Structure formats: C-alpha cells, structure tokens
Amino acid sequence: YTQAKTLVFSSFGEPADVLHLHTSSISPQLRDGAALLRALAAPVNPADVNTIQGTYGSRPAFSSLLGTAEPAAVPGNEGCFEVVAVGGGVTGLGRGDWVIPAVGGFGTFRTHVVVEEAERVLFRVGGERGVEGLTAKQVATVSVNPCSGYRMLKDYVDLVDLSVKSFARGEGATGGAWFLQNGANSGVGRSVIQLGKLWGLRSINVVRERATPEETEALKSELKELGATVVVTESEFLDRSFTARLKEEWTRGDKEPLMLGLNCVGGKSASAMVKALSPKGCMVTYGGMSRQSFPFPTGPQIFKRLRFEGFWLSEWAKENPAEKRNTVNEILDLMRDGKFKEAPFKEVEWNWDTEEKVLKDAIQGTLEGFRGGKGLFVF
Ligand code: NDP
C-alpha cells in the first residue's frame, strides 16, 4: 500500500480555515485504465485560492471517494506527476513518464493519486522529445500562465501580421507592433513579455511601485532583461499625461498603434488601458487582481470602436484540447532551448513530515501583493 497525503476542503472559505491534510492508503491493485501517480511539483495559482473561497467561475464537486469524514474536494489545478504504475489496458503511458492534468479541477495538492481513465485525464508531456532537458518545476507550471499568455497574445489581434504590414508600408516603422499589459510582473505577464519579444513585438508593461525607488528600478530592469520594451509604474500609467507620452515617445502619434491590451488588474488600471488603446484596439480581461471592476465607458466604445473580450483558459482548453497540448509542447520546447524562463517561485517542500500549517500558509498568502514569487510545492 502507498500512503498518500492530500489537502482537502469540505466547505468554501479562507484556505487557512477550511483546508485539512488527509492521510489515506492506496491499494496496489489498479483497475483497468487507471494509473498511480507520485507528485513532483505543483504551483499555487490565484485561481486555486478563489476556488477554495468559492468565488471562482467553476465550483468543484465535493465527493466521498477520498474517505474523508465529510465529502471533500482537492484544490490545485496544475502540477507535474510521475507515473508509478499503470493498470491493464494502458498503453500510452508507462512507469517513469511525467504527466500533467489534461482536464480542469484535477486536484494537484497531494503526494499521490490514482487516476481512472488515465489516458483521457492525463497528458504525457514533451511529445517526441520526452522530458529530456526539462525540470519538474518547468513542467508543473507551463500549462496555466505561459499557456494563457501565449493564447492571449496570439488569438485576439494578429500583431505579427500588423508588424509585417507596418514595415511593408515603408513609413519608417521603428519596430514590431505594440501591445500593452498591466500586472506585467505576474506569471502571465512575464510569459507575455518573453513571447512578445520572441515574436518580434514591442510591449508597454505596467507594474506597481515597490517600497523604494531602487526596488522599482530593479523590477523594471528585471522585466527589460526578460524582453520588455518599456516598463512604467502604475502611477506613471494613471497620470493624465500618459496618453500624450505614449504618442510622443513610443507610438509616433499612433502611426504604430496600440491594438491590444491585456488586463490582469481591473479598476483604475483597466480604465487607463481603455484610454491608451488606439482606435479599433482590443482589450482582453483575464484577471481582477485589484478586486475592482471598471466602467465600460460609452465614448471610447463608440468613437474609438474598441473591442472588449474576456479570456478564460479552462474554457478555451475544453474547446481546443489538441491546441492546448500543442501550445504546452511548444512552450516546453522554448524552455529546453533556453528561450523561455519560468517565473520566480517560492519553493515549499512537501514531504511526509511537513505540517499542515506550512502547506496552508503557502496557499493563504497567494492573493497578497508585492510577493517575490508564487508558492510551489516541491515533493
Ligand atoms: P501571480 O501570482 O504571478 O502575480 C500576481 C500579480 O498581481 C502581480 O503582478 C501582482 O503585482 C498583481 N497584484 C496583486 N495584488 C494586486 C492589487 N491589489 N492591485 C494590482 N495588482 C495586484 O499571478 P498569475 O500570473 O498566476 O495570475 C495573474 C492573474 O491572472 C490572476 O488574477 C489570475 O487569476 C489570472 N489568470 C487568469 C487566467 C484565465 O484563464 N483567465 C489564467 C491565468 C491567470 P505586485 O507584485 O505589484 O503585487
């Protein structure tokens, strides 16, 4: 028998209040089609906390399958597991393979798990190249943030085509097409910066001021090293002068327009984005880190003919399962070629003796601002 530890919750609330560490035994007898997995790494994303709080767009079902006193759900959407054993009839997966969940709501905050219908529910990573040259951390964190960044940068405005046309017009374009994003130092933001650079695009990135000017400068430099073209602070962005500055310093009076804005934050920052976008530009909202909504102002909608879109990776992945796998594999290839760096993480070791409180604390802090990196359970 394998002894497993699993974080569970039986009602919605703050992680520190509702999470419990549950111990169970896993039988060595696997049913046909099943696989036994051992966890290697799992990040704690903002959506995981929202799911535990009951405020996320989809709610988990509480089940009795784990043998908990009350029906429970397992948090965690993303993670890298190693296949320990497979049941009869499983041909596409084998012992030692690294896999990630291919479906939402998998429940990754656990040391071991038996998965029924393993070949449907799991995605063996790396395609033909396998996982050679990759770390568990990279594999565990590729499918949410980098994937979201990739799709948002590609699927709403064809910026690469815009760049090509802009150069072809022979008006002296000074670089690739521009895009704008707030929350630029988030996991998603850092992915977008790197992909934008790789695709020849230029980015304007908004971050919040740090405690000291030196720290703010250090963050700006860090993002520029990743490939950001311009990094501004939120107060520079919210200042009335920003639109004029944008036209003067970067977009040559809108000749090289700003057609895509990625909104991670909401509130005032989103309103400033509406002002900054060029006519017929598109704003894609994917996060609400400030917990503030923003008005859909009538003027810009009509007179600038702006387009407002919402992005939700889970639904996109359900509708485009093959494309999701291709996106993951493409980013993993960039990672192993040293062209894509994962975001900073604060590693939290989860071994047999790790106390419940340590695990809960790692989750509880996730929505706080000004963090050096998000939590990553390492097993
Ligand atoms: P990270 O934990 O990596 O980063 C959090 C970001 O939020 C940081 O840039 C942080 O800036 C910023 N932030 C925190 N608090 C505030 C605040 N009060 N006001 C403004 N900014 C704040 O996050 P992820 O990259 O994992 O996720 C970012 C957002 O994207 C989340 O809302 C997440 O749910 C969403 N998301 C949505 C997806 C979708 O499918 N729609 C997919 C993936 C992510 P600072 O350092 O200044 O605190």
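**A walk from the sheet to the ligand**

Let's start with two neighbouring strands: β11, covering residues 258–263, and β12, covering residues 282–285, run parallel and are joined by four bridges. To find this pairing on your screen, look for leucine 262, which sits opposite valine 284 of β12. Keep in mind as you look that this is a predicted model.

Now widen the view. β11 and β12 belong to an open sheet of six strands, paired in parallel and ordered β10-β9-β8-β11-β12-β13. The edges are held by β10 (230–233) and β13 (307–310); each has a single partner strand, so one side of each has no neighbour in the sheet. From one strand to the next, the twist averages 20°. As for what holds such an arrangement together, strands of a sheet pair through backbone hydrogen bonds, either parallel or antiparallel.

Next, add a helix to the picture. α8, made of residues 213–226, lies across β9 (202–207) and β10. Its direction makes an angle of about 155° with β10.

With the sheet in place, step back to the whole protein chain. It is divided into domain 1, which takes in 2–141 and 342–378, and domain 2, which spans 146–313. The C-alpha centres of the two domains are 33 Å apart.

Where does the ligand lie with respect to domain 1 and domain 2? Both domains give residues to the shell around the ligand, so the ligand lies between them. That shell counts 27 residues, and the closest are Ser186, Gly187, Gly287, Leu313 and Gly369. Sorted by character, the shell has 13 nonpolar residues, twelve polar ones and two charged ones. Three helices are worth picking out here: α2 (46–53), α5 (145–155) and α7 (187–198) each supply at least two residues of the shell. Of the contributors, α7 gives the most, with three residues.

Finally, a word on how confident the prediction is. The protein chain has an average pLDDT of 96, and 100% of the residues score at least 70. For the model, the ipTM is 0.99 and the pTM is 0.97.

Notes. Residues numbered from 1 in each chain as written. Predicted model: local features only at pLDDT ≥ 70, side-chain atom pairs only at ≥ 80, totals over all residues. Pairing = 2+ DSSP bridges. Axes fitted to C-alpha atoms, helices over the stretch in contact; angles between N-to-C directions. Contact = placed C-beta atoms within 7 Å. Near = placed C-beta within 6 Å. Nonpolar A, V, L, I, M, F, W, Y, C, P; charged D, E, K, R; others polar. Domains from an automatic or database assignment. pLDDT = per-residue confidence, 0-100.
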